[in-house]
Amino acid sequence: MTDALVEAMRENDTQTSQRALVSVAGLTKSFGRRGNEVHVLRDVDLEVADGELLVLLGPSGCGKTTLLRCLVGLERPNAGRIELGGACVVDAARGVFVQPNRRDVGMVFQNYALWPHMKVRKNVAYPLRSRGHTAALDDGRVEEVLDIVQCRHLADRYPPELSGGQQQRVSLARALAPRPALLLLDEPLSNLDALLRVELRAQLRLLHRELGFTAVHVTHDQEEAIALGTRVAVMNAGRVEQIGEPLDVYRAPASEYVADFLGARNRIELRAEASGAVLAGQPIAGLVRDGLRGSFAVRLRDEHLSVRPGTDDGSGAHADATTAWLRGGRVVELLPGVETSECVAEIGDLRLFARVSTGSADVRPGEAVDVGFTIGKARCYAKDDGRLVPGWADRRGRADLALGVPS
């Protein structure tokens, strides 16, 4: 993309981006008949600032795509209010519902949704024609956005003649063509192979940085969310569980649900009592801070666990300056990788997953092992409500302990 083209795009989109503020309040959506409803969105509050790329992250069925469809107008919510660019487009209490074609919104669908009987040029021109933007057509807007996504050479082809990556770029060009106040992206990279997904992810990030458009992007891929989002909202059962800057959410998940979804799949039970702490059924001294009482769950990612030859002397778990060790483990499986391998170990009924160097002589199926974790990387959650417990660990003698904040 030339500097002149980027500057022209910035100038053309200045007025639009100033209007591109999204405000969602009390949004509720259910499907089915009364008494047999499936609640998909539950009292969602959300704001998207001008120029922001907000990523909605969560598993299938959490409500992220339904929220997107409510923003564009493809679903009518049961309750709540939506403002786009300062104008109310949905107010269920007052019966306000602005149709999709009257909202200044562009959408990129997961399945591309290109007209197969139209050439690329006509596909991209379609939203301009349907909205009566004839001046933009005459001014070469179609060629402009095709240049942006590096697809101008494909203008005279039909969609079935394009690869998946090319079709997705054309779909993005079509959404950008009318300069919408808000761009919505519904898992646009999920149908692509791994290498192409990374390539288009980088291209999308570059376009956002250069053009400064406002967007809401839906995905279930945590790496994609962290790479693209200026903020990430993790959804759970129709609610926003946590929202914040991508690395903040990744490093300090506010709930056990978020920690599990973002890859901290190792779960070790911790009980803190006046007589001392018990970790995975093994007594351990000097791990938790004074005064901490109750039942908790410690969450860890695979890369934060270590494995060493077993040293079980019957004394239970122990902690040194930076690492807590559980004894009496056994390797049940080793899944080889190129540089690191996945080690599956069991300690009683507890199964843990650790990343170890491929070819490590100390880790073989059937071997007795100790499993340790970096205390500063562990996150602790209360068992009653699943919320993060900041400052759970004893800091004495340790330089790198988990305090529930980004590290």
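This passage describes the surroundings of strand 9 and the packing of helix 3 against helix 6 in a predicted model.

Strand 9 spans residues 215-219, and 5 of its 5 residues are buried, so the strand is largely enclosed by the rest of the structure. In a regular strand the side chains alternate between the two faces of the sheet. In strand 9, Ala215, His217 and Thr219 point one way, while Val216 and Val218 point the other way, and all are buried.

Strand 9 is paired with strand 3 and with strand 8. Strand 3, formed by residues 53-57, runs parallel to strand 9, and the pairing comprises 5 bridges. Within this pairing, His217 of strand 9 is the bridge partner of Val55. The pairing of strand 9 with strand 8 (residues 182-186) is also parallel and comprises 4 bridges. Here Leu185 stands opposite His217. Between strand 8 and strand 9 the chain passes through helix 7 (residues 194-211), and the resulting β-α-β crossover is right-handed.

A helix pair was also examined. Two packed helices are described by the angle between their axes and the distance between the axes. For helix 3 (residues 120-130) and helix 6 (residues 164-176), the angle is about 30° and the axes lie 7 Å apart. Because angles under 35 degrees count as roughly parallel, helix 3 and helix 6 are roughly parallel to each other. The crossing of helix 3 and helix 6 is right-handed. Helix 3 contributes Val120, Asn123, Val124 and Pro127 to the contact, and helix 6 contributes Val170, Ala173 and Arg174.

Note on methods: Residues are numbered from 1 along each chain as its sequence is written. This is a predicted model: local features need pLDDT of at least 70, side-chain atom pairs count only at pLDDT 80 or more; totals for chains, interfaces and linings use all residues. Side-chain values use heavy atoms; hydrogens and water are left out. Buried means under 20% relative accessible area, exposed over 50%, partly exposed in between (1.4 Å probe, protein chains only). Helices (H or I, at least four residues) and strands (E, at least two) are DSSP runs, numbered from the N terminus. Two strands pair if DSSP finds at least two bridges between them. A crossover is right-handed if, with the strands pointing away from the viewer, the path from the first strand over the helix to the second runs clockwise. Axes are lines fitted to C-alpha atoms, for helices over the stretch in contact, and angles run from 0 to 180 degrees between N-to-C directions. Angles under 35 degrees count as roughly parallel, over 145 as roughly antiparallel, 65 to 115 as roughly perpendicular and the rest as oblique. A crossing is left-handed if the near helix is turned anticlockwise from the far one by less than a right angle, and right-handed if clockwise. Contact means heavy atoms within 4.5 Å.
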